[in-house]
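Biologist: I would like a close look at one part of this protein. Please take a single strand and show me what surrounds it.

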Amino acid sequence: MALSVERAAGRREYKVKDMSQADFGRLQIELAEDQMPALMSCRPVFGPSQPLKGARITGSLHVTPQTAVLIETLTTMGAMVRWCSSNTFSTPDHAAAAIACDSAAVFAWKGETLQGYWRCMEHALDWGPSGGPDLIISDGGDAILLIHEGIKAEEAYESTGNLPDPASTDNPELQIVLNIIRDGLETNPKRYHKMKGRLVGVSEGAAAAVERLHRMQANGTLLFPVINVNDSVIIKTKFQNLCGCRPSRPDGLMTAIDVKIAGKVLVVCGYGNVGKDHAAALKEAGARVIVTEIDPIRALQALMKSIQVLTLEDVVSQADIFVVTAGGSKGIITVDHMRKMKNNAIVCNTGPFDKAIDMPGLESFPGVKRITFNPQTDRWVFPDTESGVIVLAEGRLVNLGCTISHPSSVMSTCSFTNQAMAQLELWMERDTGKYEKKVYALPKHLDEKVASLHLAKLGAKLTKLSKEHAD
């Protein structure tokens, strides 16, 4: 099924839910701009020289007011941009409408079906007969996946004449991907090879995707350079700020449902960067926090913070709220766990993928009833007990599924400015051979540049080293 698109002024393509919300979206973008000094300072610094002039950038990243500031910074630097979301629930429709109206081709709306989501991805990558984008901004790796699967299918079709078979996998999203590739293969059998031929590189912001990309590099299947912005030094502050800025409602966790944290028993599944800060914020808000962990070092770190470490089986019938922070993992909370939980226990996931919570098992459980009482807030009632669990954002990313966005200042300093600098680095070095088909860390001088761009807004003045001190 093709995606029908419309055109804005300047013949820009778009597919959004409601263009009448564009003015409100613009207001939200302007409010975000004031809180994103690092990203906004790129405009006077780089705008006049247009260093990205001629670059075609495809973004696969949540479509929010903060993302709009990133998009419009890239266009100010000379880039042409096409964009889609990296999550079916994370698009505020007013932000998508404002972007479509004013600045870039965008294909996103809140509550996309999986079919619609992947069709939006296809359109964001489609730059016409001359190939795909020069650069990709990724948050989760789905655009990377589509290109790699497309290449694989085209090579198989050329050598055997066989079209990809969606029935060859039981993964519903991969079935959709293979359908999309198959639909265009006979009429355009080199579509994804053209994309690969033009693509300079990718900047990736999701930890789970970076892990996959490292494996692809190791087995020789990675097709282009990738800069990993997730592990840059400055982005480590992102996790602290996401939770610490609003400890009573960390990361939008409780926005979907009116619940008081104080006194609740809360289980955090995973004590990595995100888990540590969720645990600290929720503990500060008065919750009794318990951590589940597989890593002995992280378990010890939790204990040193006076946080109890147990298995999920130890606490599944006692806890009030379960937060999965182990991004990219599979089967952390199963349907059997959910059946043993307290009535109306809350279950959510802070990672972008839906495999951490066994949603297919829950949805297919015989006789289970789904009651939606807020957008992306569902109570699932089991027939044998008449008790149920409350699942937020269908087990996907709760941060943006149940709120509008992350805090603007956090995204400016700790994510989006890194993405902009990585794109600029890849583009400026495109003819030098500096970047091979490998995963690279963001260069240290760019990490420092991102930090320095934010300092003036915070009233900071750096001490300058003399030559003697520097030596």
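In which sense do β7 and strand β8 pair, and over how many bridges?

Modeller: This is a predicted model. β7 and strand β8 pair in the parallel sense, over three bridges. Strand β8 covers residues 226–228. One contact across this pair is easy to find: V202 stands opposite V226 in β8.

β7 has another neighbour. Strand β6, residues 135–138, runs parallel to β7, and four bridges join them. Look for L135, whose bridge partner in β7 is G201.

Now look along β7 itself, residues 201–204. In a regular strand, side chains alternate between the two faces of the sheet. Here G201 and S203 point one way, while V202 and E204 point the other way. Every one of these four residues is buried.

Next, follow the chain on from β7. Together with α9 and β8, β7 makes a β-α-β unit, and this unit is right-handed.

The helix of that unit leads us to a pocket. α9 spans 207–218 and supplies at least two residues of the lining of the largest pocket. So do α5, α6, α7 and α15. The largest share comes from α6, with eight residues. In total, 47 residues line this pocket. Those nearest its centre are L145, N171, E173, R212 and K355. The lining mixes classes: 19 residues are nonpolar, twelve are polar and 16 are charged. The volume of this pocket is about 1,400 Å³.

Methods: Residues are numbered from 1 along each chain as its sequence is written. This is a predicted model: local features need pLDDT of at least 70, side-chain atom pairs count only at pLDDT 80 or more; totals for chains, interfaces and linings use all residues. Side-chain values use heavy atoms; hydrogens and water are left out. On a 1 Å grid over the protein atoms alone, a cavity is a set of points where a 1.4 Å probe fits but cannot get out, and a pocket is an open set with protein on both sides within 12 Å along at least five of seven lines; lining residues have an atom within 4 Å of a point. Grid points are joined across faces, edges and corners, and a volume is the space filled by probe spheres set on the points. Ala, Val, Leu, Ile, Met, Phe, Trp, Tyr, Cys and Pro count as nonpolar, Asp, Glu, Lys and Arg as charged, and the others, Gly among them, as polar. Buried means under 20% relative accessible area, exposed over 50%, partly exposed in between (1.4 Å probe, protein chains only). Two strands pair if DSSP finds at least two bridges between them. A crossover is right-handed if, with the strands pointing away from the viewer, the path from the first strand over the helix to the second runs clockwise.
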